[in-house]
Structures are given as structure tokens and as C-alpha cells.
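Student: I am new to this structure and would like a close look at one part of it. Could you take me through the pockets, and then show me what else is worth seeing?

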Amino acid sequence: MSYGILVDVTRCTGCERCCDACVEANGLDPETAARDRATASDGLSGQRFLSVVPVAEGRFARKSCLHCDEPSCVAACLVGAIRKSPAGPVEYDPAKCIGCRYCMLACPIGIPRYEWAQAAPFMRKCSMCADKLRAGAKAPACVEACPHGALKFGEREALLREAHALIESHPRRYRPRVWGEHAWGGTSVLYVSDVDLAPMGWPDRGAPAIPTITEHVIRKTPWLAGSVFLGLWALGGIVARRQKLMAGDAAQPGEDDRPHDPEEASHD
């Protein structure tokens, strides 16, 4: 059973109470989050996992991890530090992370953020309050904080049915599309809207799941890296042996360097 969030852009007022609730629920620094809201292009950072961005005049939308059904960040991670939970969230394990930041490069809308200012930095992003979900399918903090009903939490399939029902019953209010139903292989965060969401980075309807394009290359990366490592290790051994032999040759005394026998010198 996979859960998700349905975002109704027509109901969002841009109040950002969802963002404040996210900061509090994740124990983030509110001062840093407020600064990042003003300085980051989309308001997201290592201390701010959720933002509300303008998508058209008078229209705002929630922006955070979409928790893709086939996440490109998971496919790009070489050490399994990111995984897609069967319950919906794409979760991150900092204990496994090696800081390669491939996940940041792989994400189609650039969601994962790095803690550049930290001495021991990690990648940070929304987890859809996975701990609350494990505790009993409780709604994420952002959903609970929304005062306008713009966010709804539930089973993904049920949310899809509700989204299509809204579109069918209010054809003048919504565009005939559920963002996230198919794009990038489908996402756990879905949108209905009366304006185009391309400013958020959404692609055309036919955008394939990125792992289907890149996974065969990513799968070979550890083997290629291992081959390079073994090659460098062997080359290092050869160089070290040559240096040792050269040092040994330099230590051997030459014909003119042998000590003279005093008695031999007296006979001469």
C-alpha cells in the first residue's frame, strides 16, 4: 500500500504554514530556513525541505521531493543510501552516504540539497514524514498544517481517483491533467491545477522514468570503479618495486668506492 499527497493548486494561498510545520517537525533551524527562503532560488536548502513557489499570477504550489515511484536519485546512489519505501516515501540514510552528490545531479527537478556550511555535511530533503507513516499512516506535518485544504494525504490510488473526479466534476476549474500520474514513471506527490506547472519543472506528459535511461550505466559503475582501483593499485606496486630496486642499486658500492687495504697500498 503506497501513500502520497494530493496538492490542489487552486486552493493554495501561499501562506507557507506548511513550510513552517516542516521546519518544526524536522527540527530544522528556523532562522537559517528563513534566510534560505529569501536567498535560494526556489526557497529550498539543507535547512528547508519544503517551499511554496509562484507558478502563475495569483497561483502558488508546494515544492519538495516528489517521492517518485522510480526515483532517479535511488538509481544514481552507488551505496544504497537512498531507497524507495513500499509505503511511498523516498528515504535517505546518512550513515551510508559517501557524499558523492550523484543524487543531486540525477534528480530531474533538483530537489536534494547539500549542507555546504556544515563541517560534516549530508544530503537533505523531505522524507514525507516517514516516521509518522511508520507509526500508523499519519499525515505529514505539512498536510496537517494547511488551513485551506490544499493538501490531502492518503493512498496514492485513492488520491488519483479523487483527482480525476475533481477534474471531471469541475472541468472549468481544473486543467485535464493530474501532474505526477505518469511523468517520470509516476510520483507519490500529485497535483491538480488550473494553470500549467511547467515553472516548477514538470515535463511533458510523455517523460519516461529516468532510471530506465540511466540504470544500465549506473549498474556498471561499481565494476568500472573497481577495475580502475585495481589498475591503480597494480601500477602503484610496480612503481614501488622499481623505486626499491633503484635504491638497492644505489646502495651497492662501485669499483672505485671499495675501501683500500692499507697493506696492499704499502706493497705498492
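Tutor: Happy to. The largest pocket in this predicted model has a volume of about 320 Å³. Its lining is made up of 17 residues. To find the middle of this pocket in your viewer, look for Asn26, Phe49, Arg124, Lys125 and Ser127, the lining residues that lie nearest its centre.

Next, see which elements build the wall. Three of them each supply at least two residues of the lining of the largest pocket: strand S5 (90-92), strand S7 (123-124) and helix H5 (130-134). Of the contributors, H5 gives the most, with 4 residues. If you colour the lining of the largest pocket by class, you will find 9 nonpolar residues, 6 charged ones and 2 polar ones.

Now move to the second largest pocket, with a volume of about 220 Å³. One part of its lining comes from Thr32, Arg35 and Asp36, and another from Ser45, Gly46 and Gln47. The rest of the lining is Arg113, Tyr114, Glu115, Trp116, Ala117 and Gln118. Helix H2 (30-39) and strand S6 (113-114) each bring at least two residues to this second pocket, and H2 gives the most, with 3 residues. By class, the lining of the second largest pocket holds 5 polar, 4 charged and 3 nonpolar residues.

With the pockets covered, let us turn to a sheet. Here 3 strands form an open sheet in the order S8-S1-S9, and the pairing is mixed. Strand S8 (151-155) and strand S9 (189-192) each have a single partner strand and stand at the edges, so one side of each is left without a neighbour in the sheet. From one strand to the next, the twist averages 25 degrees.

Look along the join between S1 and S9. Strand S1 (residues 3-8) runs parallel to S9, and 4 bridges join the two. For a single pair to pick out, try isoleucine 5, whose bridge partner in S9 is valine 189. Packed on this sheet is helix H7 (residues 156-169), which touches S1, S8 and S9. The direction of H7 makes about 130 degrees with that of S8.

To retrace the tour, start at the largest pocket, where H5 gives the most to the lining. Go on to the second largest pocket, where H2 gives the most. Finish at the open sheet of S8, S1 and S9, with H7 packed on it.

Definitions and conventions:
Residues are numbered from 1 along each chain as its sequence is written. This is a predicted model: local features need pLDDT of at least 70, side-chain atom pairs count only at pLDDT 80 or more; totals for chains, interfaces and linings use all residues. Side-chain values use heavy atoms; hydrogens and water are left out. On a 1 Å grid over the protein atoms alone, a cavity is a set of points where a 1.4 Å probe fits but cannot get out, and a pocket is an open set with protein on both sides within 12 Å along at least five of seven lines; lining residues have an atom within 4 Å of a point. Grid points are joined across faces, edges and corners, and a volume is the space filled by probe spheres set on the points. Ala, Val, Leu, Ile, Met, Phe, Trp, Tyr, Cys and Pro count as nonpolar, Asp, Glu, Lys and Arg as charged, and the others, Gly among them, as polar. Two strands pair if DSSP finds at least two bridges between them. Axes are lines fitted to C-alpha atoms, for helices over the stretch in contact, and angles run from 0 to 180 degrees between N-to-C directions. Contact means heavy atoms within 4.5 Å.
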